[in-house]
Amino acid sequence: NKAPAAVGPYSQGVKVGNFIYTSGQLPIIPETGELLKDDIKKETLQSLKNVEAILVEAEATIENIVKVNIYIRNMEDFPLINQVYEEFFGHHKPARSLVEVSKLPKDGNIEIEAIAYK
């Protein structure tokens, strides 16, 4: 309930055995449904918070994340995304992929998904 509703016919996340798979999280503010734009640092943080909210519902934390996939519209945002990502995760360093894509749902600038093990 603390993450945005899915924007299509899929689940916010699925738990299979000891694994939790989140769907890609856009920088949508759950309380308002507003999609953040024009500030990649705020967008990154909101997407990460949305991933975290799904994990909390599954009784996990960001420390349980083993893999993160990040999709961005502009590779020039890479350093700013890394700055927020490092602050968010602190000493925890899950495996990660980050790729530039041509378009994201709702014309977003970033989408983040994660796999956690609990």
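**Figure 1. A close look at S23 and its surroundings.** In which loop does S23 lie? In this predicted model, S23 belongs to the loop between β2 and α1. Is S23 buried or exposed? S23 counts as buried because its relative accessible area is 17%, below the cut-off of 20%. Setting aside neighbours within four places in sequence, you can find Y10, S11, Q12, G13, I112 and E113 in contact with S23.

**Figure 2. Helix α1 and the elements that cover it.** Helix α1 runs over residues 40-57. With 18 residues, α1 reaches 26 Å from its first C-alpha to its last, close to the 26 Å expected at 1.5 Å a residue. Take a moment to pick out the buried residues of α1, which include I40, L48, V51, I54 and L55. Polar and charged names appear in that buried set too, among them E43, T44, Q46, S47 and N50. The cover over the buried residues of α1 includes β1, β2, β3, α2 and β5. Just beyond the helix, E59 has a positive phi of about 60°.

**Figure 3. Inside the largest nonpolar core.** In soluble globular proteins, nonpolar side chains tend to be buried together. Here the largest nonpolar core has 22 residues, and I65, V68, I70 and F89 touch the most other members. Two or more residues of this core come from each of α1, β3 (65-72), α2 (78-89) and β5. Helix α2 makes the biggest contribution, with five residues. Now zoom in on I70: apart from neighbours within four places in sequence, its contacts are I81, Y85, R96, S97, L98, V99, I110, E111 and I112.

**Figure 4. A nonpolar patch on the surface.** Nonpolar residues can also be found on the outside of this model: V14, V16, F19, Y21, V66 and Y117 form a surface patch. Together they have about 500 Å² of accessible area. Strands β1 (13-16) and β2 (19-22) are the elements that each give two or more residues to the patch. One patch member, Y117, sits in strand β5 (residues 110-117). Y117 is classed as partly exposed because its relative accessibility is 41%.

**Figure 5. D107 and its salt-bridge partners.** Side chains of opposite charge can pair when their charged atoms come close. How many salt bridges does a search of the whole structure find? The search finds three, and K37, R73, K103 and D107 are linked in a network of them. Follow the partners of D107 one at a time. With R73, the closest N and O atoms are 2.8 Å apart; this pair joins the loop between β3 and α2 to the loop between β4 and β5, across 34 residues of chain. With K103, the closest N and O atoms are 3.4 Å apart. With K37, the closest N and O atoms are 3.9 Å apart, and the two residues stand 70 residues apart in the chain. K103 is exposed, at 57% relative accessible area, whereas R73 is partly exposed at 29%.

**Figure 6. Two positive phi angles in the loop between β4 and β5.** Most residues other than glycine have a negative phi. K106 goes the other way, with a positive phi near 60°, and D107 has a positive phi of about 60° as well. Both K106 and D107 lie in the loop between β4 and β5. K106 is exposed, with 52% relative accessible area, while D107, at 34%, is partly exposed.

Conventions
Residues are numbered from 1 along each chain as its sequence is written. This is a predicted model: local features need pLDDT of at least 70, side-chain atom pairs count only at pLDDT 80 or more; totals for chains, interfaces and linings use all residues. Side-chain values use heavy atoms; hydrogens and water are left out. Patches are made of residues with over 30% relative accessible area and no salt bridge: like charges are joined within 9 Å, nonpolar side chains (Val, Leu, Ile, Met, Phe, Trp, Tyr) within 5 Å. Accessible areas come from the Shrake-Rupley method with a 1.4 Å probe; for residues, only the protein chains shown count as cover. A salt bridge is a side-chain nitrogen of Lys or Arg within 4 Å of a carboxyl oxygen of Asp or Glu. Helices (H or I, at least four residues) and strands (E, at least two) are DSSP runs, numbered from the N terminus. Buried means under 20% relative accessible area, exposed over 50%, partly exposed in between (1.4 Å probe, protein chains only). A nonpolar core is a set of buried Ala, Val, Leu, Ile, Met, Phe, Trp, Tyr and Cys residues joined through side-chain atoms within 4.5 Å. Contact means heavy atoms within 4.5 Å. The expected span of a helix is 1.5 Å times one less than its number of residues.
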